Amino acid sequence: MKDTIAFIVGLEHYQKQPTPISSVQFAEADAGAMKLALEGLGVPAANIELIISAQATKTSLESRLKSAICRLSAANRFIFFFAGHGLSISDQNYLTCHDTQRGDLAATSIPLGWVFETVRKTKCQQTCFFLDCCHSGLPLAASMRGIADHMTDTEFAAFFGGSEYQVAFAACKPDESSHSAVTLSHGIWTYHVLQALRGEDISILDKGRFLTAWSLQNHLAVEVPRTLRTTVSLPARQTPCVFGNATADFIIADLKPLLDARQASLASQPKAPRNALFAGERLGTIKKLS
């Protein structure tokens with residue numbers, strides 16, 4: 001994945017204001033772990049832009065995102081990850097920024113449609129968006145990720161509906177919440193995305209090596225609700241979504257190099273004896289041991 005360019009945002013803390021925007025549990029941890037996961041898959045560190053909390057002002061995000069997108073060519077793959085608050089105003093989706101203001105949400109946030117269109121204008125034909133930010137209504141608990149109204153799926157369908165090589169994964173349906181879990185120190189959805197990217201469950205891989213759009217979505221559809229039931233005390237529902245016409249063989253990542261390296265590392269470690277026999281015992285004091 002040396003030709004991949006990634007843009008990662010973990011927006012956990014927001015600028016102080018009279019009516020503060022609540023923090024997003026573990027968003028920074030999510031973003032940092034995503035960077036490490038992509039590096040583990042062979043994405044060069046120089047190709048990964050990581051922006052967290054106070055760095056993620058509207059001006060900075062727009063400028064740095066445009067710079068990253070301008071690098072894209074037909075040979076590149078683009079990965080976009082966002083953990084933070086999202087919102088919808090008049091059926092237009094927005095990603096919040098560190099300096100988003102409650103009294104002027106639209107003007108101080110970034111339209112998601114603008115991100116989509118900016119990518120569309122490049123020659124890059126393979127794009128993958130991971131968005132852990134959807135929520136309906138104001139947060140009722142610290143584990144919820146959202147700020148106001150739900151993010152609609154209209155823009156997703158319009159952008160991702162006509163291409164086999166552009167796909168977006170969202171943490172939940174528009175009328176649901178995305179949750180984090182203290183026991184995982186991550187957003188629940190992001191935790192399972194990371195688990196898949198790190199090859200921690202090879203049963204979900206196609207041919208034992210390929211993580212495809214649909215193998216990932218099938219994994220998330222099963223594991224996210226299961227984890228939610230055991231980690232969130234409030235009655236909650238979270239249904240992971242995928243947008244795009246990606247074919248069944250749309251490959252997000254080839255994990256073979258990662259799995260081979262892991263296997264080689266295990267093989268080089270000293271092996272415990274297969275058979276052992278108790279021969280006897282010798283009594284003494286610990287302080288006499290050499």
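Good morning. I begin with proline 44: at 28% relative accessibility, this residue counts as partly exposed, where partly exposed lies between buried, under 20% relative accessible area, and exposed, over 50%, computed with a 1.4 Å probe on protein chains only. The model is predicted, so local features need pLDDT of at least 70 and side-chain atom pairs count only at pLDDT 80 or more, while totals for chains, interfaces and linings use all residues. Residues are numbered from 1 along each chain as its sequence is written, and side-chain values use heavy atoms, with hydrogens and water left out.

Proline 44 lies in the loop between α1 and β2. Helices here are DSSP runs of H or I with at least four residues, strands are runs of E with at least two, and both are numbered from the N terminus. Setting aside residues up to four places away in sequence, proline 44 touches Met1 and Lys2; contact means heavy atoms within 4.5 Å. Its C-alpha atom is 8.3 Å from that of aspartate 3, with the two positions 41 residues apart in sequence numbering.

Let me turn to the whole chain. The protein chain has seven helices and 14 strands. Of its 290 residues, 49% are buried. Among contacts with a separation of 6 or more, 75% are between residues 24 or more positions apart.

Next, the strands on either side of α1. Strand β1, residues 4-10, pairs with strand β2, residues 48-52, in the parallel sense over five bridges; two strands pair if DSSP finds at least two bridges between them. In this pairing, alanine 6 stands opposite isoleucine 48 in β2. From β1 the chain crosses through helix α1, residues 27-40, to β2, and this β-α-β crossover is right-handed. Right-handed means that, with the strands pointing away from the viewer, the path from the first strand over the helix to the second runs clockwise.

What span should the 14 residues of α1 have at 1.5 Å a residue? The expected value is 20 Å, and the end C-alpha atoms are 20 Å apart, which agrees; the expected span is 1.5 Å times one less than the number of residues. The buried residues of α1 are Ala27, Asp30, Ala31, Ala33, Met34, Lys35, Ala37 and Leu38. After α1 comes glycine 42, with a positive phi near 100°.

Several of those buried residues reappear in a helix pair. Two packed helices are described by the angle between their axes and the distance between the axes. The axes of α1 and helix α5, residues 188-197, come within 10 Å and cross at roughly 10°. Axes are lines fitted to C-alpha atoms, for helices over the stretch in contact, and angles run from 0 to 180 degrees between N-to-C directions. The two helices, α1 and α5, are therefore roughly parallel to each other, given that angles under 35 degrees count as roughly parallel, over 145 as roughly antiparallel, 65 to 115 as roughly perpendicular and the rest as oblique. On the α1 side, the contact is made by Asp30, Ala33, Met34 and Ala37; on the α5 side, by Thr190, Val193, Leu194 and Leu197.

Tyrosine 191 also has its place in helix α5. At 22% relative accessibility, tyrosine 191 counts as partly exposed. Its C-alpha atom is separated by 9.1 Å from that of alanine 33, although the two are 158 residues apart along the chain. Leaving aside neighbours within four places in sequence, tyrosine 191 is in contact with Leu184 and His186.

Which residues does leucine 258 touch, not counting those up to four places away in sequence? They are Gly40, Leu41, Leu197 and Arg198. Leucine 258 is found in helix α7, residues 256-267. The C-alpha atoms of leucine 258 and glycine 42 are 8.4 Å apart, with the two residues 216 apart along the chain.

Two serines deserve a word on backbone geometry. Serine 53, in the loop between β2 and α2 (58-70), has a positive phi of about 40° although it is not a glycine. Serine 185, in the loop between β10 (178-181) and β11 (186-187), has a positive phi near 60°. Is serine 53 buried or exposed? At 5% relative accessibility, serine 53 counts as buried, whereas serine 185, at 34%, counts as partly exposed.

I close with an open sheet of three strands, in the order β4-β5-β6, with antiparallel pairing. The edge strands, each pairing on one side only, are β4 (86-89) and β6 (110-111). Strand β5, residues 92-95, pairs with β6 over two bridges, and tyrosine 94 stands opposite proline 111 in β6.
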